[in-house]
Amino acid sequence: VTNQWFLPAVRGDIPPGCAAHGFVCDGTRILVFGGMVEYGRYSNDLYELQASRWLWKKVKPQAPSTGSPPCPRLGHSFSLYGNKCYLFGGLANESEDSNNNVPRYLNDFYELELQHGSGVVGWSIPVTKGILPSPRESHTAIVYCRKDIGSPKMYIFGGMCGCRLNDLWELDIETMTWSRPETKGTVPLPRSLHTANVIGNKMYIFGGWVPQSTGGEISTHDGEWKCTGSFSYLNLDTTEWIGLISDCQEDKSNSLPGPRAGHCAVAVGTRLYIWSGRDGYRKAWNNQVCCKDLWYLDTEKPPAPSQVQLIRATTNSFQVKWDEVPTVEGYLLQLHADSPVPSVAGIPATGVPETSVLSSQGGSSLHQSQSLPSVPYPEVKVDHPSPTNNVIPNNVSAHWKMAKWQSISLSSNSLLKVEGKEKVSAPENKITQEIVKNHADATGFKESNAPSLLPVCTSMKTRDRQWYDVGIFKNNSAVVSQFYLLPEETMSVSNKTESANVPDYRLLKKQDLFPGTVYRFRVAAINGCGVGPFSKISEFKTCIPGFPGAPSTVKITKSVDCIHLSWEPPSSPSGNILEYSAYLAIRSTQLQENPSQLVFMRIYCGLKTSCVVTAAQLSNAHVDYTSRPAIVFRISAKNERGYGPATQVRWLQ
């Protein structure tokens, strides 16, 4: 990801420039409907962009079996659910002369059925029950469906119909019934040209034109409207409004997005991005400012990453990786060690325990992190203001991030670098500064913090079971040859101690990895809300001197009735390689009793660095669902001392 804008070379039926159009994204295709193509002239054309090929196509849906197709309009809502788009309302020009603009607010409702992959079927006018929402334009519409119960619902909020609105309407898409749900909490001010986005079970409302209030009263005078930077959400399960940033919120430090309307907002995972828009007073067109800033807000801590996967092991290091978690600042990697394990020759499972999940790909540009270990990050959540007031919680402003075009992500492999032993290098952007500040400001920790990143132990007996920080990494890979030791006084802190002085982590000692030792790994993702939950635990063993290392760079190719496995010899053979063995995880009753203990069958033994896996052998394979469905292979090498550790490969199905 470069985090740089680029202008794609589009081709095909390129649409004219338009404003206030409808826009939906369905996988890699984008549909654009209507909008204002020039002043006073509105469109009802439908265009499809295949973003995988940057190909535009003007599509012509069939007209409804009853009634007319949608008339030209702007400021309508266009929402996607399943294979259907839902069009509601907007503003039409009653006059046939585009220079003579006679506004007509709409509340018509259309359904557009899409074809799979590309193209559309046609428009229809659903028969609805209940009272249709009043006519409006520049409103928002989102579709939400609870995971556990209920049918999909479309929610329409606000808009403009001569004056701004703040009413909420609900459409049950299964029964096609309109209703006005009762809400709790403080309803946001009437507004238009705002945005609405669903993340989880919340509809986030940001910005728009709102009344310019004087003395606590809303003025209906046409000229007294302003842009706002207010921010609220509606809990769609409880229909309760929660205010996060109020209209009168002061922001002297520029840590919040400025007031704006006509901006765009998109949710990527649990992160909300806001781009552009304009600010100013309605009649003072000369004073309006076009914003060119990009902001994002992390609304929740990130989910747990996949288990740590081994790329290769040596006698004193591991090269590891894990699946990327979208929209995160970095990853905290931790380990703890068993006592050194005696040498055991034989099947490769002794070198790599069954619970491990390893990678099929060797990563490129992997660098060892030399980052500071972590301290407890503050508990930061967006959704815990008091429901009795509309005051912004202190922590919300800290979550908004101003994104620099070329540095939304951090610019080094580890978030925090250590230069020598005394000095911390200057943070490279605002995100890094905040993490450094979290380190400097931490004055203590509680064991109940979830997750507690500073290990707490009850007795010296459990010292060897502590989790130690390897570092905080920007990318989803690392070379691990050391970890950070905690000082004695921290190790022996009692459970009952609510707080303790956090030591200066820049002065912590590093411990090298030992040969022939089993290490357990876990990893957690970090975003603006803090550190998320840890992954499941993986176990890997460093190589024993004299035994061969694990084979590397495993490749899998598929042909009609078999697959081909190939690999490269270990980087440290410790002598002559006598043979290789390849194993396949197979279905067994033992797996049903203990799903984490894989059972392997040898499918190859020989000197070649490749083998064929037949369809008959694959029919026996166990499909591992720990992350994405995969078939698991192991490959190990043998020299005069015996078999070394195996490289484990997950072949995605």
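This passage walks through the fold, the nonpolar cores, the aromatic pairs and the cysteines of a predicted model.

The protein chain has 653 residues, of which 50% count as buried. Its secondary structure comes to four helices and 46 strands. Among the contacts in the chain with a separation of 6 or more, 65% are between residues 24 or more positions apart. About 30,500 Å² of the chain is exposed, and carbon and sulfur atoms supply 51% of that area.

A good place to start inside the protein is the largest nonpolar core, which holds 25 residues. The members that touch the most others are Phe318, Val320, Leu333, Leu335, Val480, Tyr519 and Phe521. At least two residues of this core come from each of β25 (309-313), β26, β27 (330-337), β31 (468-473), β32 (477-480) and β35. The surroundings of Phe521 can be listed in full: leaving out residues up to four places away in sequence, Phe521 touches Val308, Phe318, Leu333, Gln334, Leu335, Trp467, Val480, Lys536, Ile537, Ser538 and Phe540. A second core, separate from this one, has 22 residues, including Val554, Leu565, Trp567 and Tyr604.

Aromatic rings offer another view of the packing. Searching the whole structure gives 24 aromatic pairs. In one of them, the ring centres of Tyr110 and Trp123 are 5.8 Å apart and the planes stand at 75°, so this pair is edge-to-face. Tyr110 belongs to strand β8 (residues 103-114) and Trp123 to strand β9 (residues 120-124), and 13 residues separate them in the chain. Tyr110 counts as buried because its relative accessibility is 7%, and Trp123, also at 7%, counts as buried too.

Phe318 and Tyr519 make a further edge-to-face pair, with 6.0 Å from centre to centre and 75° between the planes. This pair links distant parts of the chain: Phe318 lies in strand β26 (residues 318-321) and Tyr519 in strand β35 (residues 518-527), 201 residues apart. Both residues are buried, and both appear among the best-connected members of the largest core, those that touch the most other members.

Elsewhere, ring pairs join Tyr204, Phe206, Phe231, Tyr233 and Trp400 into a cluster. Tyr233 also has a charged partner, as the charged end of Lys202 sits over its ring at 5.5 Å from the centre. A similar arrangement involves Arg522, whose charged end sits over the ring of Phe534, 3.9 Å from the ring centre.

Loops can contribute buried residues as well, and Leu74 is an example. Leu74 is found between β5 (55-59) and β6 (77-81), in a loop, and counts as buried because its relative accessibility is 9%. Its C-alpha is 6.2 Å from that of Gly34, although the two residues are 40 apart in sequence. Setting aside neighbours within four places in sequence, Leu74 is in contact with Ala19, Ala20, Gly35, Met36, Tyr42, Gly90, Leu91 and Glu137.

Finally, the cysteines were examined. A disulfide is a covalent bond between the sulfur atoms of two cysteines. The search of the whole structure finds zero disulfides. For Cys163, the closest cysteine sulfur is that of Cys161, and at 7.1 Å it is too far for a bond. Cys163 has a relative accessible area of 38% and is therefore partly exposed, whereas Cys543, at 2% relative accessibility, counts as buried.

Terms used:
Residues numbered from 1 in each chain as written. Predicted model: local features only at pLDDT ≥ 70, side-chain atom pairs only at ≥ 80, totals over all residues. Heavy atoms only, no water. Phe/Tyr/Trp six-rings, centres within 6.5 Å; stacked < 30°, edge-to-face > 60°. Buried < 20%, exposed > 50% of the residue type's maximum accessible area, 1.4 Å probe, protein only. Lys NZ or Arg CZ within 6 Å of the ring centre and 35° of its normal. Contact = heavy atoms within 4.5 Å. Areas by Shrake-Rupley, 256 points an atom, 1.4 Å probe, with all protein chains shown as cover. Disulfide = S-S within 2.5 Å. Core = buried A, V, L, I, M, F, W, Y, C linked by side-chain atoms within 4.5 Å.
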